[in-house]
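Trainee: Please look closely with me at a single part, beginning with how far it can be trusted and then turning to how it is packed. I would value one connected account.

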Amino acid sequence: MTLRDSNWVRNGWSLSITVPATVALLLAAISIVVTIRALSRVEETQQRNLQELSSAYLDGLSASLIPSVVREDVWEVYDILDNSRARYRGLNVQWVSVTNGDQKIIASSAPERFPPLEPMPASDAALFSFKEDVMLVDSDKQARMVRSLVYQNQEIGKIYAVADISALMAERSDVLRELVTTNAALTLCLAVIGYFAMRWLLGPVHILSNFLSWGRAGTMQQVPEQVIAQQSNEFRKLFENYNAMAAAVNEREVLASELAEEEKLASVGRLASGMAHEINNPLGGMLNALDSLKRYGAREEVRATSVRLLEEGLTGIRDLVRSTLTTYRVDQRPRDLTATDLDDLRLLIKPEARLRKLRLDWRIEIADPVHVPAVPVRDAILNLLLNACHTSPEGSMIGLAVGVRGNRFVADVTDTGAGLPAHMREYIERKGAGSSPLDRRSGLGLWIVKRHCDEMKGWLEILNSNENGTTIRLVIPVSGEFENAA
Amino acid sequence: MLTGLRRTCRRSALKALLGLGTAGRAWGASPAGIVFGLTPVFLNNDIELLAKLKAYLSRMTGRDVQLVQRRTYEEITGLLLSGQLTAAWICGYPLVQYQEQLALVAVPLWMGKPLYQSYLIVPADRKAASIADLRGDLHAFSDPNSNSGFLVTAALLAEMGESPDRFFRKTIFTYGHRNVVRAVTSGLAQSGSVDGYVWEVMSSLEPDLTSGTRVLRKSELLGFPPVACLKRLAAIREVSLIRDALVAMSDDPDGRALLGMLRLDGFAVEPSSLYDPIAAKMRLVRSIDG
């Protein structure tokens, strides 16, 4: 792995992508809001301007037209309308017609469509049935205007006008296009800048992430001094803290290894002591039998009894040696668990049980073979049994019940101790706790069990734990992985 | 005959320039100056043209010249008859209407003659062959006191035993020959009566406007709208000065520039009999109206 291989990601996306993308999205959202606001302002302004221009147009026309409308002078009305085109070019009037009080056209700027002296077509007049002076019709790109001509408090006629507002609509489209283009360009530009800025800003995090990743594989590495020196104050402090933490973790690892070694030696000592004890017991009897043979070997019944005692003693020693060899043999290739492995456990635990005068409740209900790795399972159960021996009072009983439930191998280890302390319960039930030992005073037995559980994707359950005793269940998923390795 | 008259005119102008005129000042508007009336007989009010005309007349007459414009012939004729104008460029119709009070000062020459025509125009795409096809139209006249823009068509209808009000559905007066062309081109009017001289000049200056019209009928040649004065003031010096200045226009660079703008060849002194055909039309129309 190199410094460039980043895996500090969230939901599968790198921060250097997600942050600029989020910023870009926010900017896009702001752009949309701003665009809508700007467009609505443009529309309002256009509408206001159009209203004002239309009012000015209608005011100007009314003032000029009234004398001519009073006289119903066709030419003068036409002349005024025709000349007003140039004067109000900004309004882009398509046509304007003036009617008299009887709704007959006096003149129109489009005389062929609205001939003088003809009634205003009802279909056209209907388009102007609104109260205000002006009404915008976006669909037709038209502004329709109407104004009553009042002379001496009497309506003497009306002005009808239609203006082409396609230029205003086009202006609105231009504004929209310009806003969208500018905002899109800005958003894209800022996203790109954001991407590179984030990459630059997250550079130290990237480095730290890589060092942490490397640490997962083994010993944690220190960030080199020259790399720390290149960082800003905040990251320099972070890197120094990381280095301190890495040193602490490494030291803890060393201590744990030492501890494990000590425990191993202690175990070897205990084993040697147990074996010596186991050998010593028959040895005493065997020596007595040998002594009897020496003294009374001539006597048939003494000779037979002594030989039987010697045979029993030697058989016991042979069994002990065999189980020890089976357990600690060098060949530790993965293989499936058999009932014999569990019988060996009985032999292995016997010295410890005898020492504490414990009775064994041994229930093995498995059909050969069970597809779980034999060595770590047996090791884990042995450690649980040893713990049970240690916590149970002298003369009491410990139990082992083994079986297969569905796709799971289960082993329940029961003691008659005073129940588990809280920190130990928490340690047993916590997932991934096998990465470090419980604590120094608790020994490494439980840690070894947890490590085996983690390796085999299994777990521990506390079935019950009170002042009368504790039952811990080891659960290992059964698979066919070791079937052919047995 | 016309050449001889023009020679006479030039002599009069010379006399006027030499200060040999004898008339007194009978009008009240400007005792020391000249007040010259203009009708919209020609192209629309052209500020440059008016400025040049004023400058030319002032220089040639040696008097302060004031140009007076009115919208209608009636207004200018009224000012002229009331003695408020030294002279005015009016139409042949008012001249014959008030032939007892008015006298000719000079007549413009167009295409070398003191004559012009009245045109009956229709939209360019209209299929009409004669005036009979125009019955029921909205017809645009120029001015009720215009010869070409009213009287000629009214007389033509009178010959048919009709009057404009009966023959046409509606008549409108646009008070300008150019406006008649505008009214017909735009479709406001279905036909119009217009000064042939104005239409021809417009067809070279504003072809887009005249191209929307078609000349349905040209009248016979009639006396060009003249410059006239009150008969009782015809002998005063200012009138002579005006006549001389007008007649001398074609001999003067500024005058020629003015004539160029007006598309005219000059001014001449013509006999009042030039307007007899117009007087005959007037009588014909009056006989129908009566």
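Mentor: Residues 1-8 of chain A keep a pLDDT under 50 throughout, pLDDT being the predictor's confidence in each residue, from 0 to 100. The model nevertheless gives this stretch 24 contacts beyond four places in sequence, a contact being heavy atoms within 4.5 Å. Residues 482-486 of chain A also fall below 50 in pLDDT, with 11 contacts beyond near neighbours in sequence. Where pLDDT is low, the predicted coordinates should not be read in detail.

This is a predicted model, in which local features need pLDDT of at least 70 and side-chain atom pairs count only at pLDDT 80 or more, while totals for chains, interfaces and linings use all residues. Residues are numbered from 1 along each chain as its sequence is written, chains are lettered from A and ligands numbered from 1 in the order in which they are written, and side-chain values use heavy atoms, with hydrogens and water left out.

For chain A, the mean pLDDT is 82, and 91% of its residues reach 70 or more. Among the elements of chain A, the lowest mean pLDDT, 50, belongs to strand β1 (residues 9-10), and the highest, 94, to strand β4 (residues 105-108). Helices (H or I, at least four residues) and strands (E, at least two) are DSSP runs, numbered from the N terminus.

The packing of chain A can be followed through three helix pairs, starting with α1(A) and α2(A). The axes of helix α1 (residues 15-71) and helix α2 (residues 74-87) of chain A come within 9 Å and cross at roughly 165°. Axes are lines fitted to C-alpha atoms, for helices over the stretch in contact, and angles run from 0 to 180 degrees between N-to-C directions. The pair is therefore roughly antiparallel; angles under 35 degrees count as roughly parallel, over 145 as roughly antiparallel, 65 to 115 as roughly perpendicular and the rest as oblique. The crossing of α1(A) with α2(A) is right-handed, that is, the near helix is turned clockwise from the far one by less than a right angle. Among the residues that meet are Y57(A), L61(A) and L65(A) from α1(A), and V77(A), I80(A) and L81(A) from α2(A). The contact comprises seven nonpolar, three polar and two charged residues, where Ala, Val, Leu, Ile, Met, Phe, Trp, Tyr, Cys and Pro count as nonpolar, Asp, Glu, Lys and Arg as charged, and the others, Gly among them, as polar.

Further along chain A, helix α9 (residues 339-355) and helix α10 (residues 374-391) have axes that come within 10 Å and cross at roughly 30°, so α9(A) is roughly parallel to α10(A). This crossing, too, is right-handed. From α9(A), L345(A), L348(A) and I349(A) are among the residues in contact, and α10(A) contributes several, including I381(A), L382(A) and L385(A). By class, there are 10 nonpolar, one polar and four charged residues.

In the third pair, helix α11 (residues 422-429) and helix α12 (residues 445-455) of chain A come within 10 Å, axis to axis, and cross at roughly 20°. These two helices are therefore roughly parallel to each other, and α11(A) passes α12(A) in a right-handed crossing. M424(A), Y427(A), I428(A) and E429(A) of α11(A) make the contact with L446(A), W447(A) and K450(A) of α12(A). Five of these residues are nonpolar, none is polar and two are charged.
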